[in-house]
Amino acid sequence: MAASRFCDNLTVSSKILGEQLNFRNGKTAQNRFLKAALTERVSTYDPENPKKHGLPTNFILNLYDKWGHGKFGTILTGNVLVDPTNLESAGNAIIFKEGDGEERRALFTQWAKNMKQDGALAVVQLSHGGRQTPITVEPNPWSASDVKLSGERRFTAFGQPVPLSTEQIKTQIIDRFVYAAKFAYETGFDGVELHGAHGYLLAQFTSPTTNKRTDQYGGSIENRQRIILEIYDAIRAEIPESTGFMVGIKTNSVEFQEQGTTVDDAKVMCQVYEDKGFDFVELSGGTYEKLAFHHMRDSTRNREAFFLEFAEKIRPVFKKTVVYLTGGFRTVKAMVEAIENGATQGIGLGRPITAEPDLPKKIIEGLVASSIKNALDENDFGITNLASNTQMQQMGRTTYQQTNQTPTYGISDFSNEETVNRYKEALKDYTVFMKSMASQNKPIHGVLVFEGIKQEA
């Protein structure tokens with residue numbers, strides 16, 4: 001039975017989505033589609049053994065083998081961490097000097113090759129968890145200030161952050177980002193994206209809610225943004241623009257929080273990114289405290305993209321820097337309109353491509369008018385995020401060739417009510433497991449493993 005979609009009839013041409021994007025450093029993306037960063041959580045986790053810690057597994061390589069045949073213009077990795085303890089989750093891939101070696105370099109080299117198989121640019125998203133590191137992974141993570149993150153994620157609280165000294169900003173943050181960027185360059189990637197959104201460390205510096213510093217890294221927008229520009233300059237000192245290696249950034253268009261980054265703040269920061277020379281900016285929004293991966297108002301629901309209204313206000317500052325907008329796109333019609341209206345140049349896709357890793361290929365070839373429509377609640381980020389993690393684990397079980405070149409092989413169809421009901425039952429058991437791990441102060445490594453196709457008795 002065919003999966004249900006948001007719409008079945010293609011009412012507009014998808015031709016514009018297949019157009020190339022030219023970056024200021026000379027690189028060209030074969031089309032406008034960006035595979036957005038999605039946390040995989042299936043790399044190795046062995047903090048006592050640096051050489052075996054944060055290594056990409058076969059699940060990662062197989063996963064990107066599928067996306068590497070999906071006809072994306074640019075493919076981002078999930079968030080690759082630059083620090084061995086300040087993680088987003090146990091199971092993140094990590095690039096760090098203490099763990100460098102032939103095995104890590106061979107695995108990342110293969111990862112890049114898998115991403116590039118049908119012409120996509122391969123870009124590593126570099127991230128640092130900061131205060132968003134689970135307490136079970138690091139009880140005292142680094143941050144801009146000592147503002148603790150309240151609440152829990154996967155039933156696990158967050159540690160008490162330690163403010164970085166100015167010297168530590170250089171040695172623990174800037175140097176680590178530069179090392180990771182050089183590693184990515186040397187292992188065959190086309191560029192890096194600095195993760196400056198969603199409340200991670202760089203956003204902890206740029207946001208007034210988390211940056212209470214009174215030195216040169218706090219106070220004004222210029223000061224709060226300083227760390228990002230110093231990272232950019234340090235990377236470019238090692239890898240000049242003339243190499244063709246791209247440096248982009250993911251940034252919030254808005255935070256939806258009192259005293260948080262506003263769209264006016266974001267516009268000022270994006271002007272600086274344009275002037276500094278960033279190759280691309282990916283606009284997103286929200287933080288852990290105020291998730292925004294759903295529609296905040298009806299006006300955006302009708303136009304699909306979560307951050308479209310904010311992107312339209314920011315977009316005019318960009319002249320040479322390519323702009324991607326990620327979050328909420330489901331139909332070809334909305335994607336085309338966002339480009340034709342000038343809100344964005346590129347279309348970032350996240351959760352829809354875990355159900356359908358070759359969605360861009362199908363759209364460009366005129367085979368589908370939209371993504372698959374989940375029977376899950378699209379506004380429940382928790383369950384749709386878990387479901388996407390599960391689908392990625394399913395994709396990672398086999399290579400592209402083992403699926404007889406069928407990228408969707410073995411992936412749960414969450415547009416099917418029966419499959420969704422079975423998944424919700426499995427989720428009950430997984431919830432018990434997560435609560436048990438959290439109560440024992442143990443990190444949760446991996447994802448909910450679920451069989452995509454009902455097994456016959």
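How many residues does helix 3 have, and how far does helix 3 reach from its first C-alpha to its last? Before I answer, please keep in mind that what we are looking at is a predicted model. Helix 3 runs over residues 166-186, which makes 21 residues, and its span from the first C-alpha to the last is 29 Å, close to the 30 Å expected at 1.5 Å a residue. There is nonetheless a bend of about 30° in helix 3, and this bend is found at Asp-175.

Let me stay with helix 3 and turn to its buried residues, among them Ile-169, Ile-173, Ile-174, Phe-177 and Phe-183. In general, an α-helix has 3.6 residues a turn, so residues three or four places apart point the same way. As for what lies against them, the buried residues of helix 3 pack against helix 2 (102-115), strand 5, strand 8 (191-196), helix 4 (201-206) and helix 6 (226-238). After helix 3 comes Gly-188, and the phi of this glycine is positive, near 100°.

Two of the residues just named, Ile-173 and Phe-177, are also touched by His-128, which sits in the loop between strand 5 (121-127) and strand 6 (142-143). Is His-128 buried or exposed? With a relative accessible area of 1%, His-128 falls under the 20% cut-off and therefore counts as buried. Other residues that His-128 touches include Leu-81, Asp-83, Trp-142 and Tyr-200, and its side chain reaches the backbone nitrogen of Gly-130 at 3.1 Å.

I would next like to go through the backbone angles of two residues. As a general background, most residues other than glycine have a negative phi. His-198, in the loop between strand 8 and helix 4, has a positive phi near 55°, and this histidine is buried, with a relative accessible area of 9%. Asn-441, which belongs to the segment after helix 14 (417-439), likewise has a positive phi, in this case near 60°, but Asn-441 counts as exposed because its relative accessibility is 51%, over the 50% cut-off.

Finally, a word about the cysteines. How many disulfides does a search of the whole structure find? The search finds 0. Of the two cysteines I can describe, Cys-7 is partly exposed, with a relative accessible area of 25%, whereas Cys-270 is buried, with a relative accessible area of 0%.

Technical notes
Residues numbered from 1 in each chain as written. Predicted model: local features only at pLDDT ≥ 70, side-chain atom pairs only at ≥ 80, totals over all residues. Heavy atoms only, no water. Helix = DSSP H or I, 4+ residues; strand = E, 2+ residues; numbered from the N terminus. Buried < 20%, exposed > 50% of the residue type's maximum accessible area, 1.4 Å probe, protein only. Polar contact = N/O pair within 3.5 Å; in protein donor to acceptor, adjacent residues only side chain to side chain. Contact = heavy atoms within 4.5 Å. Disulfide = S-S within 2.5 Å. Expected span 1.5 Å × (residues − 1). Bend = angle between axes of the 7 residues up to and from the residue.
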